[in-house]
Amino acid sequence: MTRILAFAAAAAISTSLALATPVAARTPQPAHLVDTAWTVVQINDQQPKSTRAEIRFKPGRVSATAGCNGLGGTWQIRQGRLHGGPFLSTTMYCEGLMEDERAMADVLGGKPRIDVTGGILTLRLGKQVILARRQPNRV
């Protein structure tokens with residue numbers, strides 16, 4: 001009986017600790033990103049200049065825009081990093097959007113750390129960070 005009570009107490013403590021632990025960021029499985037679209041809500045601690053800034057994942061392809069030019073290439077996740085490219089991009093001049101476009105291209109092309117927590121995609125490359133909110137089933 002003492003062993004059963006000790007086991008039950010240990011299980012209860014373990015469960016309490018697990019429930020009290022905050023949700024940690026997780027590296028998404030590639031299949032969880034396929035056919036998803038993400039609205040970019042922050043580029044390096046700033047709101048994007050365009051409300052059309054987004055990232056989309058298709059099987060083996062990723063595309064992104066800061067609101068003007070399009071960027072696209074292949075993608076896969078390895079060891080918690082998004083490996084993308086080679087990337088192709090349109091090259092129109094877009095008044096007020098060029099800084100955001102360069103930042104997105106730098107991060108996507110630089111093998112950023114990738115995680116998804118609570119519907120927010122985070123791409124982190126050194127001090128550069130892109131945050132994007134998942135769009136509801138729209139691809």
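Two strands are taken to pair if DSSP finds at least two bridges between them. In the predicted model described here, strand β7 (residues 120-125) and strand β8 meet this criterion, being joined by six bridges in an antiparallel arrangement. Within this pairing, Leu125 of the hairpin stands opposite Gln128 in β8. Two residues lie between the strands of the β7 and β8 hairpin, and Gly126 adopts a positive phi near 60° there.

The chain as a whole contains three helices and eight strands. Along the sequence these elements follow the order α-α-β-β-β-β-β-α-β-β-β. Of the 139 residues in the chain, 34% are buried. Among contacts with a separation of 6 or more, 51% are accounted for by residues 24 or more positions apart. The exposed surface of the chain comes to about 8800 Å², of which carbon and sulfur atoms supply 57%.

Strand β8 also takes part in a second pairing. Strand β1 (residues 36-43) and β8 (residues 128-134) are antiparallel and share five bridges. Trp38 has Arg134 of β8 as its bridge partner, and Gln42 stands opposite Leu131 in β8. Strand β1 pairs with β2 (residues 54-58) as well, again in the antiparallel sense, through four bridges. In that pairing, the bridge partner of Thr36 is Phe57 in β2. Strand β1 is thus bridged to β2 and to β8, while β8 is in turn bridged to β7. In a regular strand, side chains alternate between the two faces of the sheet.

Side-chain interactions were then examined, beginning with those of charged residues. Side chains of opposite charge can pair when their charged atoms come close. A search of the whole structure gives three salt bridges. One of them joins Asp35 to Lys58, with the closest N and O atoms 3.8 Å apart. This pair connects distant parts of the chain, as Asp35 is in the loop between α2 (30-33) and β1, Lys58 is in strand β2, and the two are 23 residues apart. Both ends of this salt bridge are partly exposed: the relative accessibility is 41% for Asp35 and 38% for Lys58.

A further salt bridge is formed by the side chains of Asp100 and Lys49, with an N to O distance of 3.6 Å. Because Asp100 lies in helix α3 and Lys49 in the loop between β1 and β2, this pair ties together parts of the chain that are 51 residues apart in sequence. Asp100 is buried, its relative accessible area being 4%.

The side chains of Arg56 and Glu54 also meet in a salt bridge, at 2.7 Å from N to O. Glu54 is placed in strand β2. With a relative accessibility of 16%, Glu54 falls under the 20% limit and therefore counts as buried. Arg56 likewise has a relative accessibility of 16% and counts as buried. Glu54 has an additional partner in Gln135, since a polar contact of 3.0 Å joins the side chains of these two residues. The side chain of Glu54 accordingly takes part in a salt bridge with Arg56 and in a polar contact with Gln135.

A covalent cross-link was considered next. A disulfide is a covalent bond between the sulfur atoms of two cysteines. The structure holds one disulfide. It is formed by Cys68 and Cys94, whose sulfur atoms are 1.7 Å apart. The link of Cys68 and Cys94 is left-handed, with -60° about the S-S bond. This pair joins distant parts of the chain: Cys68 is in the loop between β3 (61-65) and β4 (70-78), and Cys94 is in the loop between β5 (81-89) and α3 (98-109), with their positions 26 residues apart in sequence numbering. The two cysteines fall into separate accessibility classes. Cys68 is partly exposed, with a relative accessible area of 27%, whereas Cys94 is buried at 4% relative accessibility.

Terms used: Residues numbered from 1 in each chain as written. Predicted model: local features only at pLDDT ≥ 70, side-chain atom pairs only at ≥ 80, totals over all residues. Heavy atoms only, no water. Buried < 20%, exposed > 50% of the residue type's maximum accessible area, 1.4 Å probe, protein only. Polar contact = N/O pair within 3.5 Å; in protein donor to acceptor, adjacent residues only side chain to side chain. Disulfide = S-S within 2.5 Å. Contact = heavy atoms within 4.5 Å. Areas by Shrake-Rupley, 256 points an atom, 1.4 Å probe, with all protein chains shown as cover. Salt bridge = Lys/Arg side-chain N within 4 Å of Asp/Glu carboxyl O.
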